[in-house]
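Open the model in your viewer and keep the selection tool at hand. We will go stop by stop.

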Amino acid sequence: MAASPWKTPAWKKPLRASWKPPMLDRTLAVARKELRELWRDPVYLGLAFFVPMLMILLLGYGFSLDVKHLPVVFVDHDRTPYSREYMDAYIHSEYFTLQGVLGSARTAEAWLREGRARVIVDIPPDFGRRLSGGRSVSVAVTVDGSFPSRAMVIQGYAEAINALYNQQLLSTWLARFGNRARPGPGVGMSLSVWYNPALESKNTIVPGLLVLILMLFPALLGSLVVVRERESGTIFNLFASPVRRGEILAGKALPYVGVAMLNYLLLFAASLWLFHVRFIGSFWFLSLGTLVYAVDTVGIGLLISVLTRSQLAAMLVTFLATVTPAFNYSGFMTPVASMDATGRFISRLIPATYFMGMVRGSYLKGLGWDIYWPDLLILVLYGALIYALAWAFLHKRIG
């Protein structure tokens, strides 16, 4: 049958099933597939939503330039209302926290050396008698200089509090005797800085960098050992072998602990010979602490390697779990005592906090086993917990 000579008008032709061009259809199909993959993979879903919130929380709570709640100890040789009033000027400020009122300067110096106090205020025995008689008197303020920026801030706080106290003294004197030619009483300050008198930042920054470097790189190397074999398929050789889980973890950790110790020796030598950092402590005690710390950080990497399924995810999680907390909460930049309750709680959960005190105490104060054995014990228990978790999550089976 011959075709009709009449063509159907364009306006009567049926519409396409979809108004979208084919390229857009294919693009949306790929996007839907990728969304499904993102939703099914908890690691990448966490990177997309959880990590940004975690970063702002960690940085917001941990990174602060304020110096508050500094532990101060008083040596009160006077024990009069005048000395108590002077101490109240420190205690009632938000910048200092009272650790004790002692009668011996030797005890206060031991507290400063051990880190129990960061400031000593020594009030002389004639403090009240001289002020009540309209004469001036001087107090000795000793500051821990192991953290230079903090020491400079402490000096400013102490000078401001002393100036405010002098202003109150002058107001009381004028109200009592009127505006006479005789000058009123005043309190002078004799400031001294211990352990880092020149307030050189390298004496604090370089030892702190040693802690951060030994937190990141051993953990980063350890985070790849299991997941790398999982991706390449060689993990099945371990699954089929008679090697036990504990033996797998120990065998994989030992080489990287050795690498971490070699790095420590290089970093320690560089701190002395290149940066000329002041070191007066025991090399053997510091090396023992570094060994325990390296075992912990490699263990953190092994635990992450056991829990993740790709090398990229392992590296990202390791960086997030080591560098960010160590930089913000270990006391590297901000004193732990100056953090709020949340920051102080987080600082106690990471090994870098305990090792940071050991390293700086060894470098600047010559402290050793008698002071830092509790921190060393905590690092040992921390490592035992980390390896126990890695052992529990490492299963010799597929899936």
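**Stop 1: a buried polar contact**

This is a predicted model. Select S271 and Y363 and show their side chains: a polar contact of 2.8 Å joins them. S271 sits in helix α10, residues 245-273. Is S271 buried or exposed? Its relative accessible area is 1%. That makes S271 buried, because buried means under 20%. Now show what surrounds S271. Setting aside neighbours within four places in sequence, its contacts are V206, H276, V277 and Y363.

**Stop 2: H276**

One of those contacts deserves its own stop. Select H276. Find it in the loop between α10 and α11. Its phi is near 55°, a positive value in a residue other than glycine. H276 has 54% relative accessibility, so it counts as exposed, the cut-off being over 50%. S271, in contact with H276, is buried.

**Stop 3: the largest nonpolar core**

Go back to Y363 and add F355. Which residues touch the most other members of the largest nonpolar core? These two do, in a core of 60 residues. Next, colour helix α11, residues 283-307. This helix gives the most to the core: 11 residues. Now centre on F355. Leaving out neighbours within four places in sequence, F355 is in contact with L210, V211, G289, T290, Y293 and L379.

Another core lies apart from this one. It has 25 residues, including V72, V119, I123 and F127. Select those four before moving on.

**Stop 4: the sheet**

Switch to a cartoon view. Look for 5 strands forming an open sheet. Trace them in the order β2-β1-β3-β4-β5. The pairing is mixed. Which strands are at the edges? They are β2 (96-102) and β5 (187-194), and each pairs on one side only. Neighbouring strands here are turned by 20° against each other on average, direction ignored.

Zoom in on β1 (residues 70-76) and β3 (residues 119-123). These two strands run parallel, and 5 bridges join them. Pick F74: V121 in β3 stands opposite.

**Stop 5: helix α4**

Select residues 105-114, which make up helix α4. Its buried residues are A108, W111 and L112. Look down the axis of α4: these buried residues fall within an arc of 100°, so they line one face of the helix. What covers them? The cover includes β1, β2, β3, β4 (137-144) and β5, along with α14 (351-365).

Now check the ends of α4. At the N-terminal end, S104 acts as a cap. A side-chain oxygen of S104 lies 3.3 Å from the backbone nitrogen of R106. After α4 comes G115, whose phi is positive, near 90°.

**Stop 6: R79**

Finish in a loop. Select R79, placed between β1 and α3 (81-91). R79 has a positive phi of about 55°, although it is not a glycine. Its relative accessibility is 47%, so R79 counts as partly exposed: the value falls between the 20% and 50% cut-offs.

For a last view, show R79 together with H276. Each has a positive phi without being a glycine. R79 counts as partly exposed, while H276 counts as exposed.

Terms used:
Residues are numbered from 1 along each chain as its sequence is written. This is a predicted model: local features need pLDDT of at least 70, side-chain atom pairs count only at pLDDT 80 or more; totals for chains, interfaces and linings use all residues. Side-chain values use heavy atoms; hydrogens and water are left out. Two strands pair if DSSP finds at least two bridges between them. Helices (H or I, at least four residues) and strands (E, at least two) are DSSP runs, numbered from the N terminus. Axes are lines fitted to C-alpha atoms, for helices over the stretch in contact, and angles run from 0 to 180 degrees between N-to-C directions. Buried means under 20% relative accessible area, exposed over 50%, partly exposed in between (1.4 Å probe, protein chains only). The arc is that of the directions from the helix axis to the C-beta atoms. Contact means heavy atoms within 4.5 Å. A polar contact is a pair of N or O atoms within 3.5 Å; within protein, one must be able to donate a hydrogen and the other to accept it, and residues adjacent in sequence count only if both atoms are side-chain atoms. A nonpolar core is a set of buried Ala, Val, Leu, Ile, Met, Phe, Trp, Tyr and Cys residues joined through side-chain atoms within 4.5 Å.
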